[in-house]
Amino acid sequence: MFISNAYASAAGAPQSGGTMELVFMLVIFGLIFYFMIFRPQSKRVKEHKNLMASLGKGDEVLTSGGIIGKIAKISDENDYVLLSLNDSTQITIKKDYIAAVLPKGSIQSL
């Protein structure tokens, strides 16, 4: 009643080489995926691995949970770190949860 009928056109449109356009679009999407998602993520993973390799006893670190502490002991065989929050409090965390190494003396300045 309110919708008009759709009629097919009498002359068909000529078929073009749609496969080349499809391949071109897939290549473009692949490049966008690589440069926008994959490459930056792999750079972040590489930087985090370098950070984990450079950790040492006495470094002041920030965890991904927001805890700031000084490394008291690093266990290489099971990837755990003993953090000293103050003179009497120590916690054990996994190395992967360390987000950043802080400059020396930043705990004292808080």
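This is a walk through the structure, one selection at a time.

**Getting oriented**

Keep in mind that you're looking at a predicted model. Colour it by secondary structure to begin with: the chain has two helices and five strands. Going from the N terminus, the elements run α-β-β-β-β-β-α. Switch to a colouring by accessibility if you like, and you'll find that buried residues make up 15% of the 110 residues in the chain.

**The sheet as a whole**

Now select the five strands. They form an open sheet in the order 4-3-2-1-5, with antiparallel pairing. Strand 4 (90-94) and strand 5 stand at the edges with a single partner strand each, so one side of each has no neighbour in the sheet. Look along the sheet and you can follow its twist, which averages 45° from one strand to the next. As a reminder of what holds such an arrangement together, strands of a sheet pair through backbone hydrogen bonds, either parallel or antiparallel.

**Across the sheet, pair by pair**

Let's start at the strand 4 edge and work over to strand 5.

- Select strands 3 and 4. Five bridges join these antiparallel strands, and S84 has Q90 in strand 4 as its bridge partner. The two strands form a hairpin with five residues between them.
- Move on to strand 2 (residues 68-75) and strand 3 (residues 80-84). Here too the strands run antiparallel, joined by five bridges. Show I71 and you'll find its bridge partner, L83, in strand 3.
- Next, take strands 1 and 2. They pair in the antiparallel sense over three bridges, and E60 has K70 in strand 2 as its bridge partner.
- Finish with strands 1 and 5, an antiparallel pair with four bridges. V61 stands opposite V101 in strand 5.

**Two turns worth a click**

Zoom in on the hairpin of strand 1 and strand 2, which has four residues between the strands. Pick G66 and check its backbone: phi is positive, near 95°.

Then go to the hairpin of strand 2 and strand 3, also with four residues between the strands. Which residue in this turn has a positive phi? That's D79, at about 60°, and D79 has this value although it is not a glycine. D79 lies in the loop between strand 2 and strand 3 and counts as partly exposed, at 37% relative accessibility.

**The salt bridge**

Select K104 and D59 and show their side chains. The count for the model comes to one salt bridge, and this is the pair that forms it: the closest N and O atoms of K104 and D59 are 3.5 Å apart. What does the pair tie together? K104 lies in the loop between strand 5 (98-102) and helix 2 (106-109), while D59 lies in the loop between helix 1 (18-53) and strand 1 (60-63), so the contact links parts that are 45 residues apart in sequence.

Turn on the surface here. Is each partner buried or exposed? K104 is exposed, with a relative accessible area of 62%. D59 is buried, with a relative accessible area of 16%, which falls under the 20% cut-off for that label.

While you're in this loop, click on G105, which sits between strand 5 and helix 2. G105 is partly exposed, with a relative accessible area of 34%. Draw a distance from its C-alpha to that of D59 and you should get 9.8 Å, for residues 46 apart along the chain.

**Helix 1 and a long-range neighbour**

Now jump to K49 in helix 1. K49 is exposed, with a relative accessible area of 60%. Add D96 to the selection: the two residues are 47 apart in sequence and 9.0 Å apart in space, C-alpha to C-alpha.

**The largest pocket**

For the last stop, select K70, S84, L85, N86, D87, I107 and Q108, the residues that line the largest pocket. Its volume is about 160 Å³. What classes of residue make up the lining? There are two nonpolar, three polar and two charged residues.

Two of the names have come up already on this tour. K70 is the bridge partner of E60, and S84 is the residue paired with Q90 in strand 4. Keep both selected and you can see how the lining of the pocket picks up residues from the sheet pairings you visited earlier.

Note on methods:
Residues numbered from 1 in each chain as written. Predicted model: local features only at pLDDT ≥ 70, side-chain atom pairs only at ≥ 80, totals over all residues. Heavy atoms only, no water. Salt bridge = Lys/Arg side-chain N within 4 Å of Asp/Glu carboxyl O. Buried < 20%, exposed > 50% of the residue type's maximum accessible area, 1.4 Å probe, protein only. Pairing = 2+ DSSP bridges. Axes fitted to C-alpha atoms, helices over the stretch in contact; angles between N-to-C directions. 1 Å grid on protein atoms, 1.4 Å probe; cavity = no way out; pocket = protein on both sides within 12 Å on 5 of 7 lines; lining within 4 Å. Points joined across faces, edges and corners; volume = space filled by probe spheres on them. Nonpolar A, V, L, I, M, F, W, Y, C, P; charged D, E, K, R; others polar.
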